[in-house]
Amino acid sequence: MSILELKNIKKSYFLGKEEFPVLTGLDVSFDRGDFISILGESGGGKSTLMNIIGGLDNKYDGEVKVGGVKQADKNLRAMDEYRRDTIGFIFQSFNLVSYLSVLDNVLISLKMTNLSHKAQIKKAEELLKQVGLLEHKKKNPNQLSGGQKQRVAIARALANDPDIILADEPTGALDSQNTRDVLEILSDIAKSGKTVIVVTHSQEVADYGTRIVHLADGQIISDERIKPAYESKLKTREFKTRALSFSAKSRMATQHFLHNWKQNLMIMIGVAIGLFSVMFFLGLGNGAKGYMNKMITDLANPNVPMVLKRVTEDNKKSNEEAMGETQQLAVTNSPKVAISDALVTKVEKIKYVTKVEKAFDVLPVELTATIGKVTESFPEIQTWNNTNTASSLLVGKKPSENEVVIPDSLAKKWDKNNWRKMVGQTIHLAYKMPVENGTPISISQDVKVSGITKSSPAQNVLTLNFKSLSKTFKENNLVSEPNLIVPTIDDSHHVDGVIKKIQALETDGHKDFVTFSVGAILKPINKITSIVSIVLALIAGISLLVSLMMIIATTYMSVAERTKEIGILRALGARRGDIRSLFVVETVLLGFASAVLGIIVAFIGQFGVNAAVSGLLDKFDIIQISLAAVIGSVIVAIVIALFASLMPAGKAAKLNPIEALSND
Ligand SMILES: Nc1ncnc2c1ncn2[C@@H]1O[C@H](COP(=O)(O)OP(=O)(O)OP(=O)(O)O)[C@@H](O)[C@H]1O
């Protein structure tokens with residue numbers, strides 16, 4: 001029975017509406033073990049016929065029967081399967097994939113089988129041995145002679161163990177010795193029971209076969225048997241063909257990615273710069289936020305609000321406006337800002353408040369601290385309370401009665417090298433406390449230094465003990481009730497709620513308190529820092545758009561460069577989707593590699609910048625790249641790559657295999 005039967009095949013090409021008939025009702029059939037040469041004038045339709053036999057062209061009229069079974073339908077998938085399963089192509093110009101080794105070229109076909117990877121390699125080596133090229137398996141095609149290249153192509157065509165070998169001018173580019181060698185191999189293939197169909201202009205080639213078919217004007221004009229067909233002793237195939245698996249496609253994509261490493265590296269650097277900048281700015285935002293938070297919380301505990309008496313009569317004034325009035329009166333130590341025990345109790349009763357500390361924050365006139373010959377002026381006296389953090393102490397402890405915590409500026413003025421020894425020393429304080437409508441009251445006292453804090457322009461105060469100061473004020477007929485109370489709240493999550501409740505407390509229809517908390521200052525600072533770093537990151541992110549365009553352009557270029565390869569893969573049975581996947585996987589790989597490069601550079605940058613500015617910022621890491629930024633950049637890079645690959649990969653998939661193969 002014939003392996004292949006063509007009945008009443010008609011094929012025309014159209015230029016506009018004009019029809020150019022090439023095959024005009026052609027009937028021919030081919031047997032197993034036959035070596036058929038198709039001879040004919042140039043332009044006679046030989047290649048057109050080959051494309052139909054080879055399943056590359058499905059736009060024809062007529063019927064093709066394979067093994068007696070009518071080609072069910074001519075849908076693309078069925079044609080792909082037919083090429084993969086039944087046909088082995090050999091081309092005049094060899095059509096090997098230039099960046100793959102000899103072995104890998106043969107393996108392309110074998111990847112479309114259910115053989116294990118090991119078995120695929122074994123079979124590829126057997127085939128290379130059969131065509132005498134095993135020792136050249138590691139070479140690239142450009143390191144082979146023409147005859148050797150064609151033998152590799154023959155090995156590849158045989159790899160799937162197809163029933164039909166289709167060769168289009170297989171010796172057209174070879175000298176006479178190589179021509180004889182190739183024809184010998186083709187003859188052997190026919191002898192093994194396969195059907196060999198060769199298109200040729202050469203009578204010498206035709207004479208090698210068993211049958212010569214002459215084609216003219218789209219018809220068979222003669223069909224001449226020279227020898228009987230070889231006996232068909234075909235064994236059944238011990239494996240099945242199948243579509244390219246994802247792992248095979250990934251491996252091929254990786255191979256091309258590595259082969260093209262120079263170009264890919266350039267793109268990777270481009271994308272990595274974009275990702276690096278985005279990560280870096282976000283990291284800088286994190287670091288700056290962290291640093292400012294640290295600076296502020298080192299000075300005062302953000303979870304501890306300060307509560308002052310609200311003096312305004314106007315309940316509608318905001319907390320901040322009301323605070324201004326209180327502060328003005330506090331300057332003159334007005335009894336109006338004094339907080340009575342009854343008010344303290346009201347705050348103590350609020351849920352989540354665990355304790356309330358009384359405190360003073362006063363601005364005396366001509367406040368000086370003197371030790372020996374050293375005198376320094378200060379603007380402010382506070383009493384130690386929960387807003388002060390132990391970490392703000394460089395040395396020593398909080399002040400007990402008749403003790404003071406001083407800034408290090410005074411200690412260093414006293415003894416630059418042994419300033420820590422100032423703890424335990426007695427200093428003399430002298431100041432005048434302004435009073436409402438009267439002359440300021442002079443106070444002078446000796447206190448022992450219990451601790452030293454770091455001085456800063458924002459924090460240059462002397463910190464005393466509340467009880468001591470209250471006692472001193474009482475003795476001097478000054479207001480001895482606190483002008484400030486500091487509630488401690490059990491959990492940081494309850495701070496905002498408690499502050500609201502304190503602000504809402506009322507006596508006789510008048511609100512009692514205004515509050516101040518570092519947390520409230522931190523919120524807008526953190527918001528602004530986040531906005532600035534996100535805006536910077538977005539600006540840096542624009543470069544990612546440039547990367548996107550770059551990837552699209554290079555993938556299009558790659559499709560153009562690899563058109564022939566796409567044609568070869570399609571001829572070997574790869575589906576459109578396989579071609580698309582090859583490009584998508586390679587581009588995604590590029591995106592992933594770019595992200596890895598970007599992340600490495602960002603962390604090196606983080607390390608470098610942090611080390612460089614560590615001295616300026618008390619060893620604080622100003623760049624803090626978060627895990628979310630790292631994961632985000634991998635996702636962004638992959639999404640960009642995926643997006644960039646869609647159009648070019650789609651174009652590659654849609655290429656007509658016949659046109660792709662004829663691409664030079
Ligand atoms: N894609 C196409 N569009 C329009 N016309 C085409 C196309 N492909 C082939 N033809 C025309 O069809 C005719 C047959 O071409 P074909 O390539 O099948 O001839 P051939 O016998 O293989 O020629 P040669 O021996 O020179 O390769 C030629 O006239 C050719 O110009």
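This briefing walks through the overall shape, domains, cores, ligand shell and one covered helix of the chain. Keep in mind that the model is predicted. The chain is a stretched-out one: its radius of gyration is 44 Å, whereas a compact globule of 664 residues would come in near 26 Å. The domain assignment splits it into domain 1 (4-242), domain 2 (257-296 + 524-661) and domain 3 (302-517).

**Overall build**

- Along its principal axes, the C-alpha trace spans about 135 × 55 × 40 Å.
- You'll find 19 helices and 25 strands in the secondary structure.
- Of the 664 residues, 43% count as buried.
- Take the contacts between residues at least 6 apart in sequence, and 78% of them join residues at least 24 apart.

**Where domains 1 and 2 meet**

- The C-alpha centres of domain 1 and domain 2 sit 44 Å apart.
- The two are in contact through 16 residues of domain 1 and 13 residues of domain 2.
- On the domain 1 side, helix 2 (76-86) and helix 3 (102-110) are the elements that give two or more residues.
- Helix 2 supplies the largest share of that side, with five residues.

**Nonpolar cores**

- The largest nonpolar core has 119 residues, and Val106, Leu186 and Val196 have the most contacts inside it.
- Helix 9 (residues 261-299) brings the largest share of this core, twelve residues.
- Why does this core lie between domain 1 (4-242) and domain 2 (257-296 + 524-661)? Both domains give residues to the core, so it lies between them.
- Leaving out residues up to four places away in sequence, Val196 touches Phe35, Ile36, Ile165, Ala167, Leu186, Ile189 and Ala190.
- There's also a second, separate core of 50 residues, and Val307, Val337, Val423 and Val447 are among its members.
- As background, nonpolar side chains tend to be buried together in soluble globular proteins.

**An open sheet at the start of the chain**

- Four strands make up an open sheet in the order 2-1-4-5, with antiparallel pairing.
- Strand 2 (18-30) and strand 5 (69-70) are at the edges with a single partner strand each, so one side of each has no neighbour in the sheet.
- Strand 1 (residues 4-15) and strand 2 run antiparallel and are joined by ten bridges.
- One residue pairing to look up is Ser12, whose bridge partner in strand 2 is Pro21.

**Around the ligand**

- Which residues are around the ligand? They are Tyr13, Phe20, Val22, Gly40, Ser42, Gly43, Gly44, Gly45, Lys46, Ser47 and Thr48.
- Strand 2 and helix 1 (46-53) are the elements that give two or more residues to this shell.
- Helix 1 has the largest share of the shell, three residues.

**Helix 16, mostly covered**

- Seven of the nine residues of helix 16 (residues 563-571) are buried.
- Those buried residues are Glu565, Ile566, Gly567, Ile568, Leu569, Arg570 and Ala571.
- What do the buried residues of helix 16 pack against? The list is helix 2, strand 6 (87-90), helix 3, helix 17 (576-613), helix 18 (627-654) and helix 19 (657-661).
- Helix 2 and helix 3 turn up here as packing partners of helix 16, and they also give residues to the side of domain 1 that touches domain 2.
- Just after helix 16, Gly573 takes a positive phi of about 115°.

How values were computed
Residues are numbered from 1 along each chain as its sequence is written. This is a predicted model: local features need pLDDT of at least 70, side-chain atom pairs count only at pLDDT 80 or more; totals for chains, interfaces and linings use all residues. A nonpolar core is a set of buried Ala, Val, Leu, Ile, Met, Phe, Trp, Tyr and Cys residues joined through C-beta atoms within 7 Å. A residue is buried if 20 or more other C-beta atoms lie within 10 Å of its own, exposed if 12 or fewer, and partly exposed in between; C-beta atoms are placed from the backbone. Domain bounds come from an automatic or database domain assignment. Two residues are in contact if their C-beta atoms, placed from the backbone, lie within 7 Å. The radius of gyration is taken over C-alpha atoms; the globule rule is 2.2 Å times the number of residues to the power 0.38. Two strands pair if DSSP finds at least two bridges between them. A residue is near a molecule or strand if its C-beta atom, placed from the backbone, lies within 6 Å of it.
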